[in-house]
Amino acid sequence: MRILRNPMGIGAAAAVLCLLGFGGDSLAQSSNDSLRVGGSTTLVPSVVNAASTFMETFETWDKASSALPGEPTIIYVTGGGSGFGVKSATNGTVDIGMASRDLKDKEKSALGTFEAVLVGKDAVAIAANVDNPLAKTRKNLTTEEVRKLFSGELKTYKDIDASLPDEEIVLLVRDASAGSAEIFQEKIMGDAAVSSGALQMPSQGALMKKLESNASALAYMSSGLATENDGIQTFALDGVEPTNANVVKGAYPLARPLLMIVKGAPNPMAKRFLDYMLAEGQTDVASQGYVPVHEVQ
């Protein structure tokens, strides 16, 4: 098991189960015999698929592990973003939080003793519809160009290149608590603010659908999701493409960990599902275009 560890080790074996679309209140009210997972929308598709297969394979918890109760296997999975995942793991709303970024020092302090299990890696890519004017003429953007684009300093495609149409640039971004938003602000924007005219998307999936349907839009999004979609083009950043190979080598500057976080030691069901995510569940991580954990240094 590949773990980013605060002082205490992981507990004994266990089992798990999954359903999608429950908010924080529903998760908080779920049975003690169910597992609650929530946070990063980047990780949601992988975890939902893994949990669905887990529930189909192990109809009751004791079939996943003899140490677990003979109750129906149920796993509730919800999104909400990385910030929600860390906060919910901290306050006990979920058994396992999901984050697609590194934990902050203040979050580690609030968690106290915790486990942050690395289940894969991904990167944030600058992306556009393949019919976007910029995508038709450029394959690379500099950090400074991206900063000017997302701050709103460059408002039309003609502002970037006089040969491009005088067409308004539509910016698509995530909410501030999303892992992609946080790394983008830190590594690209710095002290500059993202344009107030940018359209804020509630999830990676919603952002991707908007990008697919709007040829005037530019976005930052999961490179795994973007590169799996033929209708979307990703741009190299300062000459480095957002490929899994560059993520593994550490060459791409917006690479990020995909973490599943437990406050204290995981309960037996959480432990069993974490073990599953690091074994059979790696197929679901790779199927979303992410780097599976065995390829990570």
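Over residues 1–30 the pLDDT (the predictor's confidence in each residue, from 0 to 100) stays under 50. For this stretch the model has 113 contacts (heavy atoms within 4.5 Å) beyond four places in sequence. The structure is a predicted model, in which local features need pLDDT of at least 70 and side-chain atom pairs count only at pLDDT 80 or more, while totals for chains, interfaces and linings use all residues. Residues are numbered from 1 along each chain as its sequence is written, and side-chain values use heavy atoms, with hydrogens and water left out.

The protein has a mean pLDDT of 89, and 89% of its residues reach 70 or more. Helices (H or I, at least four residues) and strands (E, at least two) are DSSP runs, numbered from the N terminus. The extremes of confidence both fall in strands, as tabulated here.

| Confidence in the protein | Strand | Mean pLDDT |
|---|---|---|
| Lowest | E2 (residues 19–20) | 38 |
| Highest | E5 (residues 96–99) | 98 |

Helix H7 (residues 143–151) packs against helix H9 (residues 179–189), in that their axes come within 10 Å and cross at roughly 120 degrees. Axes are lines fitted to C-alpha atoms, for helices over the stretch in contact, and angles run from 0 to 180 degrees between N-to-C directions. H7 is therefore oblique to H9; angles under 35 degrees count as roughly parallel, over 145 as roughly antiparallel, 65 to 115 as roughly perpendicular and the rest as oblique. From H7, Thr143, Val146, Arg147, Phe150 and Ser151 make the contact, and from H9, Phe184, Lys187, Ile188 and Met189. These residues divide into five nonpolar (Ala, Val, Leu, Ile, Met, Phe, Trp, Tyr, Cys and Pro), two charged (Asp, Glu, Lys and Arg) and two polar (the others, Gly among them).

Within H7, Thr143, Val146, Leu149 and Phe150 are buried; buried means under 20% relative accessible area, exposed over 50%, and partly exposed in between (1.4 Å probe, protein chains only). Their arc around the axis, taken from the directions from the helix axis to the C-beta atoms, is only 125 degrees, so they lie on the same side of H7. Gly152, with a positive phi near 90 degrees, follows H7.

Helix H10 (residues 204–213) has Gln204, Leu207, Met208 and Leu211 buried. They span an arc of only 100 degrees and so sit on the same side of H10. Lys209 and Ser213, on the other side of H10, are exposed.

Asp238 is in the loop between strand E11 (232–237) and helix H12 (244–249). Its phi is near 55 degrees, a positive value in a residue other than glycine. Asp238 counts as partly exposed because its relative accessibility is 44%.
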